[in-house]
Amino acid sequence: SDVPTPIVANDRVYVLTDKGVLACLQVTSGDVVWESPLEKSRHAFSASPTLAGGNLYAIREDGKTFVAKSGDTFESVATNSLGDDVTVIASPVFVDGQILIRTFDGLYCIVK
């Protein structure tokens with residue numbers, strides 16, 4: 001990982017590379033538990049992955065978000081997009097059941 005910051009939770013380290021490979025490693029040994037490439041694109045990942053509600057959220061610079069379960073196996077939960085002409089480099093923030101995503105041109109608030 002060059003830009004995105006890893007996450008540590010429950011004796012696991014979750015790492016997202018700039019090119020979109022999401023990996024889970026054991027904290028104590030560094031052994032790879034699993035790794036999975038996310039959908040290929042010319043866009044990179046600059047935002048750090050976020051852990052909320054047992055899920056990992058990885059948002060690509062074009063605003064496409066990939067959601068996967070945290071744990072000992074990779075399981076994709078969802079993929080969502082903010083639409084065309086969106087650029088995201090900031091990490092999403094989860095607060096009071098809302099997801100806040102800052103883009104170059106605005107602030108998105110996603111609620112159920």
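Ser48 is found in the loop between S4 and S5 of this structure, which is a predicted model. With a relative accessibility of 14%, Ser48 counts as buried, because the cut-off for that class is under 20%. Ten residues along the chain separate Ser48 from Ala58, and the C-alpha atoms of the two are separated by 7.1 Å.

The loop between S4 and strand S5 (50-52) also holds Phe45, whose ring pairs with that of Phe66 in strand S7 (residues 64-69). The structure holds four aromatic pairs. In the pair of Phe45 and Phe66, the ring centres are 6.0 Å apart and the planes stand at 50°, so the pair is tilted. The two residues are 21 residues apart, and the pair thus links distant parts of the chain. Is each of these two rings' residues buried or exposed? Phe45 is buried, and Phe66 is buried as well. Elsewhere, ring pairs link Tyr14, Trp34 and Phe74 into a cluster.

**Strand pairing**

Strand S2 (residues 12-16) and strand S3 (residues 21-26) run antiparallel and are joined by five bridges. Within this pairing, Val13 stands opposite Leu25 in S3. S2 and S3 form a hairpin with four residues between them, and Gly20, in the turn, has a positive phi of about 95°.

S3 pairs in turn with strand S4 (residues 32-37), again in the antiparallel sense and over five bridges. Two residues of S3 illustrate this pairing. The bridge partner of Val21 in S4 is Pro37, while that of Leu25 in S4 is Val32. Leu25 therefore has a place in both pairings, since Val13 stands opposite Leu25 and Val32 is the bridge partner of Leu25 in S4. S3 and S4 also form a hairpin, with five residues between the strands, in which Gly30 takes a positive phi near 80°.

Further along the chain, an open sheet of three strands has the order S9-S10-S11, with antiparallel pairing. Which strands lie at the edges of this sheet? They are strand S9 (93-95) and strand S11 (107-110), each of which pairs on one side only. From one strand to the next, the twist averages 20°. S9 and S10 are paired over three bridges in the antiparallel sense, and Phe94 has Ile99 as its bridge partner in S10.

**Positive phi values outside glycine**

Most residues other than glycine have a negative phi. Two aspartates depart from this pattern: Asp85 has a positive phi of about 55°, and Asp96 has one of about 50°. Both are exposed, because the cut-off for that class is over 50% and their relative accessibilities are 75% for Asp85 and 74% for Asp96. The table sets the two residues side by side.

| Residue | Phi | Place | Relative accessibility |
|---|---|---|---|
| Asp85 | about 55° | loop between S8 and S9 | 75% |
| Asp96 | about 50° | loop between S9 and S10 | 74% |

**The largest pocket**

Rolling a probe the size of a water molecule over the atoms shows where empty space is left. In this model, the largest pocket contains about 190 Å³ of space. Its lining consists of Tyr57, Ile59, Gly63, Thr65, Asn80, Ser81, Leu82, Pro92, Phe94, Ile99, Ile101 and Ile110. Which strands each supply at least two residues of this lining? They are strand S6 (55-59), strand S8 (76-81) and strand S10 (98-102).

What is the make-up of the lining by class? Eight of its residues are nonpolar and four are polar, and no charged residues are present. The pocket also connects with the sheet described above: Phe94 and Ile99 both belong to the lining, and Ile99 in S10 is the bridge partner of Phe94.

Definitions and conventions. Residues numbered from 1 in each chain as written. Predicted model: local features only at pLDDT ≥ 70, side-chain atom pairs only at ≥ 80, totals over all residues. Heavy atoms only, no water. 1 Å grid on protein atoms, 1.4 Å probe; cavity = no way out; pocket = protein on both sides within 12 Å on 5 of 7 lines; lining within 4 Å. Points joined across faces, edges and corners; volume = space filled by probe spheres on them. Nonpolar A, V, L, I, M, F, W, Y, C, P; charged D, E, K, R; others polar. Axes fitted to C-alpha atoms, helices over the stretch in contact; angles between N-to-C directions. Phe/Tyr/Trp six-rings, centres within 6.5 Å; stacked < 30°, edge-to-face > 60°. Buried < 20%, exposed > 50% of the residue type's maximum accessible area, 1.4 Å probe, protein only.
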